[in-house]
Amino acid sequence: MIAAMDMPISKIRESKLKNLNLENIAFGKFFTDHMLEADYENGEWTNIQIKPYEPLQFAPSLAALHYGQAIFEGIKAYKNKKGEAFIFRPQDNFRRFNISAERMEMPTVPENIFIDGMKKLVALDINWIPEWHDHSLYIRPFMFSSDEMIGVKPSEKYKFLIIMSPTGPYFTKPLKIYVEEQYVRAVPGGTGFAKAAGNYALSMHATALARKKGYDQVLWTDAFEHKYVQEIGTMNVVFIVGNKALTPDLGAGTILAGVTRDSVLTLLKDAGYTIEERPINIEELIAAYKEGTFKEVFGTGTAATITLIKELRYKDFTMTFNTEEWKTAPAIKKQLTDIREGNAPDKFHWMEKVD
Ligand SMILES: Cc1ncc(COP(=O)(O)O)c(C=O)c1O
């Protein structure tokens, strides 16, 4: 096994950076100069290298294209005022990546490739980390089956890559959300807890229909009664009801264990909120709304950080919120952003330095 320090690095001749303005750059469209690539063959990881970002070449029989053994992660790196680079909680994403790998019958990736390789890559492309407020470098580790043959079985070969994309603010405005009752994202025994590509593929139709009705995203509900809420699009969801923060628990395996979710719950607890992680029935939220105790609802996720929800529509009932009056979500968002951007002490040890 190659240790990260021995990982061969081939550098580009001239950085693409000089032709780009990173301020408010569109999410996910531009990629840094380099990427990490590794192959799984004959039961071990090999060809581990950092090289220029470039197209991959495969036969049309590539297994991942047919049977969808593909997983990914999303992580962010930040620069502080001194120009030092930090990655936000990469160990949590590393653990979750391998949980996804096991669920999809794929090999796990060792820490010296995932974490050490990621740090090397960020260090190499450090100039790509935007320094403006609400900007960061989005890191996308991913793995897919790379056998070039057709047949429904776990692949023998896999490819693991890390690519990186500079990013600015994701959702800038509060969202309108449609509570989904027809389509489902995840069922107990399924893959909801994994960051598997197929979860995103199946979400697109319902989201497209909601968009046609004038909503930004759907709030997924359970597959049996369509009453217990799960997640909003690619975010976990938190409800502030009275002085409690409610969020669906992870017990049924239908929800991705978000790293932002965990960070936000930690900050809320620290701020004195009572946290309840449990099944949450939409009817309970409607009752609280009618009583006037349902104060705030927001999504949490790496790409979006904290996203305020200004409207929740369930059947013919619409709950609207004046997000400008909110206290909790904006305060937690500021705390999290301050920690990430190096403007507040990292008291929970979330920032991992890139040397
Ligand atoms: C389905 C889904 N739920 C929740 C999240 C939030 O997870 P995290 O906070 O780790 O980014 C994501 C990813 O951003 C996601 O894709």
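Which residues come nearest to the ligand? Hi everyone, let's start there. Of the 16 residues around the ligand, where a residue counts if one of its heavy atoms lies within 4 Å, the nearest are Tyr200, Glu231, Val259, Thr260 and Thr302.

A word on the model before we go on. It is predicted, so local features need pLDDT of at least 70 and side-chain atom pairs pLDDT 80 or more, while totals for chains, interfaces and linings use all residues. Numbering runs from 1 along each chain as its sequence is written, and side-chain values use heavy atoms, leaving out hydrogens and water.

Now the polar contacts, meaning pairs of N or O atoms within 3.5 Å. The side chain of Glu231 places a polar atom 2.3 Å from a ligand nitrogen. For Tyr200, a side-chain N or O atom is 2.4 Å from a ligand oxygen. Val259 uses a polar backbone atom, 2.7 Å from an oxygen of the ligand. As for cover, the ligand alone exposes 390 Å², and the protein buries 96% of that, by the Shrake-Rupley method with a 1.4 Å probe.

Which elements each supply at least two residues of the shell? Those are α5 (259-270) and β14 (294-301), named from DSSP runs of at least four residues for helices (H or I) and at least two for strands (E), numbered from the N terminus.

Finally, Phe97 and Phe114 form a tilted aromatic pair, 5.3 Å centre to centre with 50° between the planes; pairing needs centres within 6.5 Å, and tilted falls between stacked (under 30 degrees) and edge-to-face (over 60).

Note on methods
A polar contact is a pair of N or O atoms within 3.5 Å; within protein, one must be able to donate a hydrogen and the other to accept it, and residues adjacent in sequence count only if both atoms are side-chain atoms. Rings of Phe, Tyr and Trp (its six-membered ring) pair if their centres lie within 6.5 Å; planes under 30 degrees apart count as stacked, over 60 as edge-to-face and the rest as tilted.
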